[in-house]
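Please look through the sequence and the model below, and then read on for a guided walk through some of the features computed from the atoms.

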Amino acid sequence: MVKANVLSKIRGFSGVNRPIYVLAGLAFLISVATLAKFNYITPLRFSGRFCNNHGSFDGDNYILGSQMRKTIESAIFKIHQEMDDLKALEANSSAPPSDSSASGSMFRHVAFLADVLSLIQSVHMELPSLEEVDHPLKQRNGDPGEHFMREEIKKYIKIKPNRLGKQNFMGANGTFTSIGHACFAMKKDLEEYMDYDVGEICNDDWRLAQKLMVHGCDPLPRRRCFSRAPQLYYKPFPINESLWKLPDNRNVRWGQYKCKNFTCLASNTTARKGFFKCTDCFNLTHHELPRWVNRGELDLETNQTADFSIQEVLEIKPGEIRIGLDFSVGTGTFAARMRESNVTIVTATINLGAPFNEMISLRGLVPLYLTVNQRLPFFDSTLDMIHTTRFLDGWIDLILLDFVLFDWDRVLRPGGLLWIDSFFCLKEDLGDYMEAFKALRYRRHKWVVVPKRDKDDKEVFFSAVLEKPPRPFR
């Protein structure tokens with residue numbers, strides 16, 4: 001109704017007033033276009049919608065919206081008042097205006113236009129979009145919790161509004177707990193995982209949890225039950241002993257492993273240990289103790305080695321490498337050796353048929369239970385080094401490798417080192433994989449390719465130490 005009244009009033013005027021209203025209309029259209037181009041306050045769009053769905057929030061957004069409404073109402077009132085005055089002026093004026101009166105009228109119209117424009121501009125930087133956008137969890141597909149039968153899953157997924165009715169310190173009106181997208185395709189397994197009594201002991205189902213994670217149901221939902229612990233847990237060895245000594249068998253739940261103690265895992269005579277990757281990693285005295293201390297054996301044909309020592313790598317950036325990540329299959333030996341050089345390393349791995357995470361922690365090191373599917377839980381440009389060995393090898397899809405490498409680039413600081421340690425693949429695939437590493441455009445400190453002799457010369461090892469450039473203008 002307001003818009004129709006204004007248009008009818010404008011159509012009623014003619015003569016000297018018409019150009020003024022044309023200019024006013026153009027100014028209004030320019031302002032609307034500017035708002036459409038620079039409207040960037042998207043969080044407010046969600047906040048209003050969220051408040052409608054989950055109760056009132058008397059926070060800063062409400063105050064801001066109230067102020068904007070008052071400003072707009074003031075502008076509308078002024079426009080109506082000016083229209084009425086102009087209409088009365090035209091009705092009372094029967095004679096043609098003199099030059100001075102025309103000049104005064106023009107001045108008045110310009111002042112009016114400037115006043116309206118100033119009001120519109122004051123709203124410009126604060127006005128939220130008129131389009132209401134739902135959070136993805138509230139869009140047309142309905143409540144995702146309805147996909148599952150278990151009440152615990154529904155309660156976990158449901159949006160939790162803040163109890164104080166305001167944005168929290170993270171800038172959100174509620175908490176949006178997440179699960180991996182593949183959880184919906186693994187409904188049966190996830191419901192089995194979430195089948196427990198609240199406040200009681202959880203099932204011994206870590207293998208089911210790892211199966212869900214590896215197949216894309218990652219992150220898993222939290223649970224409200226107490227995790228199982230070894231029944232006879234004994235205090236770990238002191239740090240001066242634990243790094244190079246097999247832990248106490250009582251500190252691991254062995255029920256779902258083929259080997260039932262660390263002696264079985266460390267033995268060279270055990271035929272089947274329940275895993276094939278890094279089968280000698282639990283042998284601390286013979287297999288692990290010499291690793292990364294000296295350079296590996298030289299290949300007789302190329303006179304090179306794919307095994308660099310920690311000392312020669314740290315000498316590339318003396319005193320600069322302090323913290324890093326080891327993304328490998330292992331028991332933490334790389335982190336143990338780096339600790340001797342006063343470098344703190346977090347070791348990311350999963351339990352591939354053996355208690356890798358338990359072993360790392362019992363050695364006094366930091367394990368990170370993480371699959372290759374997941375984005376690294378570190379902020380941008382924070383790590384000095386990323387090391388990986390015999391994990392992301394010739395089995396990995398090239399597109400996935402791209403995503404992994406660019407995520408590693410994200411968390412490495414400028415000048416940080418990426419240590420590719422004995423990456424192996426088929427000779428015919430080497431060119432494709434090397435292109436993925438070259439795409440990072442890192443500075444090459446070491447770059448070596450040697451034959452892998454145990455595979456009839458069909459596979460090769462590739463090792464490199466690369467430095468992330470500063471990229472100051474990007």
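What follows takes up a sheet, a pocket, a lysine in a loop and two points of backbone geometry. The model is a predicted one, and what is said below should be read with that in mind.

A good place to begin is the open sheet, which is formed by seven strands in the order β5-β4-β3-β6-β7-β9-β8 and in which the pairing is mixed. Its edges are given by β5, covering 366–369, and β8, covering 443–452, each of which pairs on one side only. From one strand to the next, the twist averages 15°.

Within this sheet, strand β6, made up of residues 383–389, runs in the parallel sense to strand β7, made up of residues 412–426, and the two pair over six bridges. In this pairing T389 stands opposite D421 of β7. Packed on the sheet is helix α15, residues 398–411, which touches β3 (323–327) as well as β6 and β7, and the direction of this helix makes about 155° with that of β7.

Strand β7 also leads to the second largest pocket, because β7 and β8 each supply at least two residues of its lining. The space in this pocket amounts to about 940 Å³. Its lining consists of 33 residues, and those closest to the centre of the pocket are R291, D307, R390, S422 and F461. Sorted by class, the lining holds 13 nonpolar residues, eight polar ones and twelve charged ones.Two of the residues closest to the centre of the pocket, R390 and S422, deserve a further look. S422 has its place in strand β7, and although S422 is not a glycine, its phi is positive, at about 60°.

R390, for its part, leads to K277, which is found in the loop between α10 (262–266) and α11 (284–288). Which residues is K277 in contact with, leaving aside its neighbours within four places in sequence? They are V329, F356, R390, F391, D393 and F424. K277 and R390 are 113 residues apart in sequence, yet from C-alpha to C-alpha they are 8.6 Å apart in space. With D393, the side chain of K277 makes a polar contact to the side chain of that residue, at 3.3 Å.

A last point of backbone geometry concerns P219, which is found in the loop between α8 (206–214) and α9 (239–242). The peptide bond that joins D218 and P219 is cis, with an omega of about 15°.

Methods
Residues numbered from 1 in each chain as written. Predicted model: local features only at pLDDT ≥ 70, side-chain atom pairs only at ≥ 80, totals over all residues. Heavy atoms only, no water. Pairing = 2+ DSSP bridges. Helix = DSSP H or I, 4+ residues; strand = E, 2+ residues; numbered from the N terminus. Axes fitted to C-alpha atoms, helices over the stretch in contact; angles between N-to-C directions. Contact = heavy atoms within 4.5 Å. 1 Å grid on protein atoms, 1.4 Å probe; cavity = no way out; pocket = protein on both sides within 12 Å on 5 of 7 lines; lining within 4 Å. Points joined across faces, edges and corners; volume = space filled by probe spheres on them. Nonpolar A, V, L, I, M, F, W, Y, C, P; charged D, E, K, R; others polar. Polar contact = N/O pair within 3.5 Å; in protein donor to acceptor, adjacent residues only side chain to side chain.
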